[in-house]
Amino acid sequence: MSKSGALDLASGVGGKIKKEDVQSAVDQYEKYHVCYGGDEETRKANYSDMVNKYYDLATSFYEFGWGESFHFAPRWKGESLRESIKRHEHFLALQMGLKPGMKVLDVGCGIGGPLREIARFSSTSITGLNNNEYQISRGTELNRIAGVSESCDFVKADFMKMPFSDNTFDGIYAIEATCHAPDAVGCYKEIYRVLKPGQCFAAYEWCMTDHFDPNNESHNKTKAEIELGNGLPDIRTTRECLDALKLAGFEVVWEKDLAVDSPVSWYLPLDTSKFSITSFRLTAFGRFVTRTMVKTLEFVGIAPAGSNRVSSFLEKAAEGLVEGGRKEIFTPMYFFLVRKPLADS
C-alpha cells in the first residue's frame, strides 16, 4: 500500500538526494522557474536535472496526499476520487484495445499506480519507463506487495532516448507524463520508433487550452505557477500537441479534452473552498495540518531542511491548477489515441 504516515512523508522528502543536500536542491529547482528568475530555454536545456529534482523532492508529498496514481480524472457525481482515477485508467486500456499477452510500455510511470491497475485490468505485461531512481525503488517495492512483479517491471531511462529496439511494444501509453518533455516532437518520435506498426499510443496530456491568451498577464502567472509546482519546462497548447503527433508520423484516431464534459470539475480535490472527508489531506484544513506537521518535523530534524519549501511550492501549484481549471485555460486530460501506420514496417 501507499506510504500514508507523517514519518513516511518526512523520511521520503528528497528521495535519493542526501538529507543535508535537500535545501540546496530546492534552491536549484526553484531557480529554473519564472517565479524565481528562470526561463523556458534553461528549463528545456536542463529538463532531466529539473524533473529528477522535482520528483525526488515531491514524490512523498504526492503519495501522502494522492495515493499511488499521480493523476487527475473526469468524475461522475457520487463517484469518489479513487473510483474516478481507476475508471480513467481502465478507459485508457479499453481505448487502446489491450489484450492478454500484449507487451506494453508506460512512459513516465511514476511509482507505478496506473501500471499495476492496467496490468491487472487487461492481463498484459507492462514495463514502466522512468528516469527517477527513487520512484523506481518505490514502484518496485509496491509491485512486490501487489504481487505483480512477474508481469510488471521498470526501466530507468530518459524517454527522449529510450533503450529499446525499434518496433518492440504492442501498445504504449503516457499519463500526464510527456508534458515533462522539452521537445514534444522528439518525445513522440521516440515513442513512434519503439511501437510496433499498426499499434496504438494513447495519452493524457497537460495542455493550455484555446482559452489561454499568451498576452494575458493573469493567464501567464497561472501557467508559471503550474510549471513551478509540477516540474514542467513549458506547457504546450492542445494544438501544438496534435501537430507534434502528426509530425512524429502518427495517424490520429481521435482526440478530445475530457475535462470539458466532466460532470464534476477535475480540480475539485484541490479546491480549498470545498471540504471532503475522503480527500481530507487535500482540503484547506488538511493542508494546514500537513504544513504544520512538516514544519515541526523539519524543526526537530526528522524531515530534511527545505521540506517546508517543497510543501509551499506544491501548494502554489495547487492554486495555479485550480485557477487554470476555473478559467478553463488549462487541462490535465487532453486525451488522444493515435496509431503507427502499418506501412511503417
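Colleague: What is the strand order in the open sheet?
Modeller: This is a predicted model. Its open sheet of 7 strands runs β3-β2-β1-β4-β5-β7-β6, and the pairing is mixed.

Colleague: Which strands are at the edges?
Modeller: β3, residues 152–156, and β6 are the edge strands, and each of them pairs on one side only.

Colleague: How much are neighbouring strands turned against each other?
Modeller: On average by 20°, with direction ignored.

Colleague: Back to β6. How do β6 and β7 run, parallel or antiparallel?
Modeller: The two run antiparallel, and 6 bridges join them. In one of these strands, β7, Y334 is the bridge partner of D257.

Colleague: Where else does D257 turn up, say around the second largest pocket?
Modeller: D257 is among the lining residues nearest the centre of that pocket, along with T209, A259, V260 and E328. The lining has 20 residues.

Colleague: Which elements give two or more residues to that lining?
Modeller: α10 (238–248), β6 (251–257), α12 (307–326) and β7 (330–339) do. So the β6 and β7 strands of the sheet both contribute to the lining, given that strands and helices here are DSSP runs.

Colleague: What is the volume, and how do the lining residues divide by class?
Modeller: The second largest pocket has a volume of about 420 Å³. Its lining divides into 7 nonpolar, 6 polar and 7 charged residues.

Colleague: Now cavities. How many of 30 Å³ or more does a search of the whole structure find?
Modeller: The search finds 1. The largest cavity has a volume of about 950 Å³.

Colleague: Which residues are closest to its centre?
Modeller: Y54, Y55, Y62, F70 and N230, out of 48 that line the largest cavity.

Colleague: Which element gives the most to that lining?
Modeller: α4 does, with 11 residues. The elements that give two or more residues are α4 (47–66), α6, β2 (125–130), α11 (284–299) and α12.

Colleague: And the classes in the lining of the largest cavity, how many of each?
Modeller: There are 25 nonpolar, 16 polar and 7 charged residues.

Colleague: You listed α6 there. At what angle do α6 and α7 pack?
Modeller: At about 35°, with the axes 10 Å apart. α6 covers residues 113–122 and α7 covers residues 133–146.

Colleague: Is that crossing left-handed or right-handed?
Modeller: α6 passes α7 in a right-handed crossing.

Colleague: Which residues meet?
Modeller: From α6, L115, R116 and R120; from α7, G139, L142, N143 and A146. By class, this contact has 3 nonpolar, 2 polar and 2 charged residues.

Notes
Residues numbered from 1 in each chain as written. Predicted model: local features only at pLDDT ≥ 70, side-chain atom pairs only at ≥ 80, totals over all residues. Heavy atoms only, no water. 1 Å grid on protein atoms, 1.4 Å probe; cavity = no way out; pocket = protein on both sides within 12 Å on 5 of 7 lines; lining within 4 Å. Points joined across faces, edges and corners; volume = space filled by probe spheres on them. Helix = DSSP H or I, 4+ residues; strand = E, 2+ residues; numbered from the N terminus. Nonpolar A, V, L, I, M, F, W, Y, C, P; charged D, E, K, R; others polar. Pairing = 2+ DSSP bridges. Axes fitted to C-alpha atoms, helices over the stretch in contact; angles between N-to-C directions. Left-handed = near helix turned anticlockwise from the far one by under 90°. Contact = heavy atoms within 4.5 Å.
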